[in-house]
Amino acid sequence: MVQMHCIDMNAWYSRIDRPDRPDFVLFDLDPPDEGFALGVRVAHLVRAALDGLELRSYVKTSGADGLHVLVPISRRHGYETTHRFAELVARQIADENPGVATTEWLKRKREGVLVDYHQNGWGKTIASVYSVRPKPGAPVSTPLRWEELDERVRPRDFGMREALERIERHGDLFEPVLHGGQSLGAALRRLEREARRS
């Protein structure tokens with residue numbers, strides 16, 4: 001990969017044996033310029049919404065300027081299902097938190113943090129966990145514990161040295177994401193009912 005001048009690695013959400021069955025649902029949070037603290041706030045809103053649906057979630061820095069919230073799932077849901085689930089959660093958060101969270105794709109119309117559910121699609125990729133990014137200081141996409149994620153965190157705080165030290169200290173915080181085990185069925189049905197009522 002070095003010979004091909006590859007710095008960051010971007011992976012699918014599914015594995016080669018079942019490419020149509022993702023391992024997780026992704027919420028890609030894109031804060032406004034200089035708005036990472038707001039991104040942290042929205043990440044916690046996403047977590048609270050998922051907790052309300054009785055789904056575990058995990059968070060990592062993107063290694064650039066955003067955050068990724070991941071929901072590990074059993075490998076029986078297709079991308080159409082994960083996209084719909086992410087859309088319903090994202091729209092609910094945006095509706096309940098105007099000016100803080102949005103699903104508006106166009107940057108010039110956007111106010112707040114984009115909760116991008118469109119990343120849940122066949123063939124989409126994200127910066128892999130522990131991937132170095134081609135940014136000043138070579139930041140790394142780093143998994144965090146939820147209790148660590150507060151307004152003091154900055155995405156560029158996590159470089160290669162810090163990522164390795166964190167693995168030594170905490171183990172692989174991303175590892176549970178690859179074990180899935182959660183079904184979206186009940187949560188998706190609940191969200192669809194709520195969407196019809198609103």
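## Exercises on a predicted model

In this predicted model, strands E3 and E4 make a hairpin with five residues between them. Gly63 sits in the turn and has a positive phi of about 90°.

**Exercise 1. Work out how E3 and E4 pair, and which residue of E4 stands opposite Lys60.**

Solution.
- Step 1: find E3. This strand covers residues 58-61.
- Step 2: get the direction. E3 and E4 pair in the antiparallel sense, over four bridges.
- Step 3: find the partner. Lys60 faces His68 of E4 across the pairing.

**Exercise 2. Identify the strand joined to E4 by six bridges, and the residue opposite Val69.**

Solution.
- Step 1: the strand is E2, which runs antiparallel to E4.
- Step 2: the residue opposite Val69 is Phe27.

**Exercise 3. Sort the residues of E4 by the way they point, and decide whether they are buried or exposed.**

Solution.
- Step 1: recall the rule. Side chains in a regular strand alternate between the two faces of the sheet.
- Step 2: apply the split. Leu67, Val69 and Val71 point one way. His68, Leu70 and Pro72 point the other way.
- Step 3: check burial, which needs under 20% relative accessible area. Six of the six residues of E4 are buried.

**Exercise 4. Describe helix H1: its span, its buried residues and what they pack against.**

Solution.
- Step 1: take the span. H1 (residues 36-52) has 17 residues and reaches 24 Å from its first C-alpha to its last. That is close to the 24 Å expected at 1.5 Å a residue.
- Step 2: list the buried residues. They are Phe36, Gly39, Val40, Val42, Ala43, Val46, Ala49 and Leu50.
- Step 3: recall the geometry. An α-helix has 3.6 residues a turn, so residues three or four places apart point the same way.
- Step 4: name the packing partners. The buried residues of H1 pack against strands E2, E4, E5 and E6 and helix H2.
- Step 5: look just past the helix. Glu54 takes a positive phi of about 60° there.

**Exercise 5. Classify the aromatic pair of Trp12 and Trp122, then place both residues in the chain.**

Solution.
- Step 1: start with the count. The whole structure holds three aromatic pairs.
- Step 2: classify. Trp12 and Trp122 lie 4.8 Å centre to centre with 70° between the planes, an edge-to-face pair.
- Step 3: place them. Trp12 is in the loop between E1 and E2, and Trp122 in the loop between E6 and E7. The two are 110 residues apart, so the pair links distant parts of the chain.
- Step 4: check exposure. Trp12 is partly exposed, at 35% relative accessible area. Trp122 is exposed, at 54%.

Methods
Residues numbered from 1 in each chain as written. Predicted model: local features only at pLDDT ≥ 70, side-chain atom pairs only at ≥ 80, totals over all residues. Heavy atoms only, no water. Expected span 1.5 Å × (residues − 1). Buried < 20%, exposed > 50% of the residue type's maximum accessible area, 1.4 Å probe, protein only. Contact = heavy atoms within 4.5 Å. Pairing = 2+ DSSP bridges. Phe/Tyr/Trp six-rings, centres within 6.5 Å; stacked < 30°, edge-to-face > 60°.
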